[in-house]
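Q: Please take a close look at the interior of this model with me. I would like to follow the packing from one residue to the next, and then see how the outside compares.

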Amino acid sequence: MLTVHCAATGTTCRRSGVRTLFGSSSKAKQRLVILGSGWGGYEILRAIDKKRWNVIMVSPSNYFNFTPLLASCSVGTLEFRAAVEPVRRYTPDVIAYTAWCDSIDFKHKKLVCMPATSPVKFEGSPSQPKDGSDVNESASLVTGNSEKFQLTYDKLVIAVGAYNQTFNVPGVKEHAHFLKDIRDARRIRTRILECFEQANQPTITDADRRKLLNFCIVGGGPTGVEFAAELHDFLHSDIARHYPALARMAKINLYDVAPVILGGFDTGLQEYATAKFKREGIRLLTQHHVERVEEGRMFVTEEGEVNFGLLVWSTGLSPNPLIESISELKKDERTKRSLLTNGTLNVLNKETGEPDPDVFAIGDSATIENESLPATAQVANQQAKYLTKRLNRLIKGRTDARPFKFQNAGSLAYVGDWEAIFDRTKAARGPKGKETGRLAWLLWRSAYFTKTLSVRNKILVPMYWFLNWIFGRDLTRF
């Protein structure tokens, strides 16, 4: 035992030389573990009562992506840090691990996690550290495996989201870019600038320049449409100014298997966006099917071989590996990527059909039984707000059995040249209707400005909009 003089009280305290599993400050608190730092997990992290809950977040990213701004970041309209919020803003009031959750033992309330950081190996370091080496005094090592650690929970929120859907098309993961994370936006921005620098070299032919400057987007949903619009603005402003000869060679192609783009929007708004893109020279290739992708080219059933300098793939969602690994809970047979929950967002036992009172699932990794909600940030965010209120009442000894009810606030999509579309035909409250053009663009920008979470980003986002309007986008590549 170690003897320590407690200066605050003038008494002598004793503590063990080995750290315990739980920190003393949180012994009396119930432990809430949140898996994922997306629209669901991060909202709970922000608003949960941290004085009453011992909160632990496990996520492979130590930040939250403000996904509506990723398309702007990918072409330099905004800088990357304007579209992220750090998880560490809430530490040490909460404990955060940059890790993946590999498996969940629902019977014993245990999680096995794998660090998402690179392994550290120094010469002379023990292959299996002694239990209790966690600086946060919250985790323990998995016996016989020095790479993994385990956590226990009292309440668990599964908000791990979903992965990019490739429909098993060969070569997509190796040769296409996704647009789901700020790191994706950075890679896309780097690649766009690289294409123009490569095409600017005197050592290649015009035929190869046109192949390099052929930009392809697969997926006609809001992400693909907004990226096409942002890329069009970029090519016809900054690129046209600084690479005038190359800008005339650049082409944008938008592919989709559906007969129309923006399938979830009102028909009139779909037609408006389609007409707008056609006027701007963006090729819309609906009802086209990609067979396979290779480096610098893809094979389309209706066109044959298509060369590209950049391919952005945005075709929906596929299951998170953690959700796939769970066998004890009910899953949605329709989507194949989410856990079934009841109206209060508790997961359902596969054998009994009964809800687990200690485990919740929200966002893209969950589907409410007998309900069909869109897989959008809006749904995940509203579910998180509902669940946070419920958990904060629960820790105070209050019960709340009211089920979650989604309030559709409408849908927005940017279509380029300071124009957007706004669909409120399915809105739950307020006036129903739709808007297009500059007014919709002002609503689009004001909505994203007000939805940014921190004061810092509420300053940065309009500041970058203004700076790029005055000085143009930054074309440096590093």
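## Inside the fold

A: Asp-184 is a good place to begin: with a relative accessibility of 11%, this residue counts as buried, because the cut-off for that label is under 20%. Please keep in mind that we are looking at a predicted model. Asp-184 sits in helix α4, which covers residues 182-199. Leaving aside residues up to four places away in sequence, Asp-184 touches Phe-178 and Leu-179.

Leu-179 leads us onward, as it is also one of the contacts of Phe-227. With sequence neighbours up to four places away again set aside, Phe-227 touches Ala-71, Ser-74, Val-75, Ile-188, Ile-192, Ile-217, Leu-310 and Val-312 as well. Phe-227 belongs to the largest nonpolar core, a set of 95 residues. Together with Phe-196 and Phe-277, Phe-227 touches the most other members of that core. The general background is that nonpolar side chains tend to be buried together in soluble globular proteins.

Apart from this core there is another one, made of 27 residues, with Val-58, Ile-95, Cys-101 and Ile-326 among them. Val-58 brings us to strand β4, where it shares one face with Asn-54 and Ile-56. On the other face are Trp-53, Val-55, Met-57 and Ser-59, and both sides are covered, with all of these residues buried. Since 7 of the 7 residues of β4 (residues 53-59) are buried, the strand is largely enclosed by the rest of the structure. Its partner β3 (residues 30-35) runs parallel to β4, and 6 bridges join the two. Within this pairing, Leu-32 has Val-55 in β4 as its bridge partner.

Another strand is worth a visit. Val-142 lies in β9, residues 140-142, and is buried because its relative accessible area is 17%, under the 20% cut-off. Thr-388 is 246 residues away from Val-142 along the chain, and their C-alpha atoms are separated by 31 Å.

Now for the outside. Ile-470 belongs to helix α12, residues 455-471. At 44% relative accessibility it counts as partly exposed, because that label covers values between 20% and 50%. Ile-470 also helps to make a nonpolar surface patch of about 770 Å², together with Trp-418, Met-463, Phe-466, Leu-467, Trp-469 and Phe-471. So we end with a contrast: Asp-184 is buried at 11%, whereas the nonpolar Ile-470 is partly exposed at 44%.

Key. Residues numbered from 1 in each chain as written. Predicted model: local features only at pLDDT ≥ 70, side-chain atom pairs only at ≥ 80, totals over all residues. Heavy atoms only, no water. Patch = residues over 30% accessible without salt bridge, like charges linked within 9 Å, V, L, I, M, F, W, Y side chains within 5 Å. Areas by Shrake-Rupley, 256 points an atom, 1.4 Å probe, with all protein chains shown as cover. Salt bridge = Lys/Arg side-chain N within 4 Å of Asp/Glu carboxyl O. Helix = DSSP H or I, 4+ residues; strand = E, 2+ residues; numbered from the N terminus. Buried < 20%, exposed > 50% of the residue type's maximum accessible area, 1.4 Å probe, protein only. Core = buried A, V, L, I, M, F, W, Y, C linked by side-chain atoms within 4.5 Å. Contact = heavy atoms within 4.5 Å. Pairing = 2+ DSSP bridges.
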